[in-house]
Amino acid sequence: MNFKKKSLVIATTIILGATLVTLSGCSSSNNAVPNKDIVTMKGDSVKVSDLYKELQTFPNISSTVLVQNLTFDKILSKDFAKEADDKALTKQVNALKSQYGDQFSSMLQQSGLTNENLKAYLRTGMLEHAAIDNDIKKNQYTDANLKKAWESYHPDVTAYVVSETSKDAATKALEAAKKDDAGKASFEKTNAESKVTFNSASTSVPAEVQTAAFKLKNGEFSDVIESTSSSTGATSYYIVEMVKTSEKGTDMNKYKKELQNVIKTEKESDTTYNNSVITKYLKKNNVEVKNKSFSSIFSQYSTSTSQS
């Protein structure tokens, strides 16, 4: 089982944030005056001419999404331009190519993107991600949040985590492994690449598998564990053999970095929290929508964002 690839898929999903969206047709603002403001903000604005240019670069992306992205690019670049510079964007593109492999071109086509405009479109998601992570570091690593994360935290364990596509195959493999010492040795040799180290903050091992694994003593096997992927809908059947378990003890500070990662992962996947962070920047920059065709583009963030 390739845990690294699965982790990359999850990380990439967080990075892309609101960028890989359902595509729709363009707005009817094509007859507007080029220098007319669509959105205004402190020291800058998004004009009709800006949208025209974006529509030429991204002909398959809705004008609503493009105006959102133009706004976010302008207000977030003030603080996080470095986090979405060409070096960072190149690294992200390479990660996507590695993740999708031969399907990379198909992914671009389905998303309405090309090799030429991918970097420009990824930039918005990376800026949003940087703003959210900055807020997490400044405001979310509180004693209360750390204590909450500590309650359910389990430190590193090492185990064989083997997946099968059917319950019958997993049951047969488990029975053979538990039959005798030779069966156990054969199981470990056959599944050497499935020996992994993980903790309760890991995203590479399904939650159901973690729960079962943490109950095992060294050398023990789990029952067959059923887990359904929330992203693909596919069901896999797992067997776990514990190699080296651990106890967390009572010193929370020993695992402070790991607990911060727990909080970070939780907050990054919290849509309400993410929107609240973006709302701060919309307010900070006095963002106002001037064109009625786009009057609701920021409604998901805050009704306090001015519209006229």
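**Figure 1. The whole chain, and how much of it is tucked away.** Of the 308 residues in the protein chain, 43% are buried. Keep in mind that this is a predicted model. The protein chain has 12 helices and 8 strands. Take the contacts between residues at least 6 apart in sequence: 72% of them join residues at least 24 apart. On the outside, the protein chain exposes about 16800 Å², and carbon and sulfur atoms supply 47% of that area.

**Figure 2. A look into the largest nonpolar core.** This core has 46 residues, and the ones touching the most other members are Val39, Phe72, Ile75, Leu76, Leu118, Leu282 and Phe298. Several elements chip in two or more residues, among them β1 (37–41), α2 (48–57), α3 and α12. The top contributor is α6, which gives 9 residues. Zoom in on Ile75: leaving aside residues up to four places away in sequence, Ile75 touches Met41, Tyr281, Leu282, Asn285 and Val287. There's also a second, separate core of 14 residues, including Val196, Val209, Ala213 and Met242.

**Figure 3. Helix α12, from its cap to what comes after.** Let's start at the N-terminal end of α12, where Asp270 acts as a cap. One of the side-chain oxygens of Asp270 sits 3.1 Å from the backbone nitrogen of Thr272. How far should the 14 residues of α12 (residues 271–284) span? At 1.5 Å a residue, the expected span is 20 Å, and the end C-alpha atoms are indeed 20 Å apart, so the two agree. The buried residues of α12 are Tyr273, Asn274, Asn275, Val277, Ile278, Thr279, Tyr281 and Leu282. Those buried residues pack against α3 (63–80), α6 (118–139) and α11 (256–268). Here's a handy rule for picking out a helix face: an α-helix has 3.6 residues a turn, so residues three or four places apart point the same way. After α12 comes Asn286, with a positive phi near 50°.

**Figure 4. Strand β3 and its two partners.** Why is β3 (residues 157–164) largely enclosed by the rest of the structure? Because 6 of its 8 residues are buried. β3 pairs with β4 (residues 195–198) in the antiparallel sense, over 4 bridges. To find this pairing, look for Thr158, whose bridge partner in β4 is Thr197. β3 also pairs with β6 (residues 235–244), again in the antiparallel sense, this time over 7 bridges. Here the pair to spot is Glu164, standing opposite Tyr237 in β6.

Conventions:
Residues numbered from 1 in each chain as written. Predicted model: local features only at pLDDT ≥ 70, side-chain atom pairs only at ≥ 80, totals over all residues. Heavy atoms only, no water. Buried < 20%, exposed > 50% of the residue type's maximum accessible area, 1.4 Å probe, protein only. Pairing = 2+ DSSP bridges. Expected span 1.5 Å × (residues − 1). Contact = heavy atoms within 4.5 Å. Polar contact = N/O pair within 3.5 Å; in protein donor to acceptor, adjacent residues only side chain to side chain. Areas by Shrake-Rupley, 256 points an atom, 1.4 Å probe, with all protein chains shown as cover. Core = buried A, V, L, I, M, F, W, Y, C linked by side-chain atoms within 4.5 Å.
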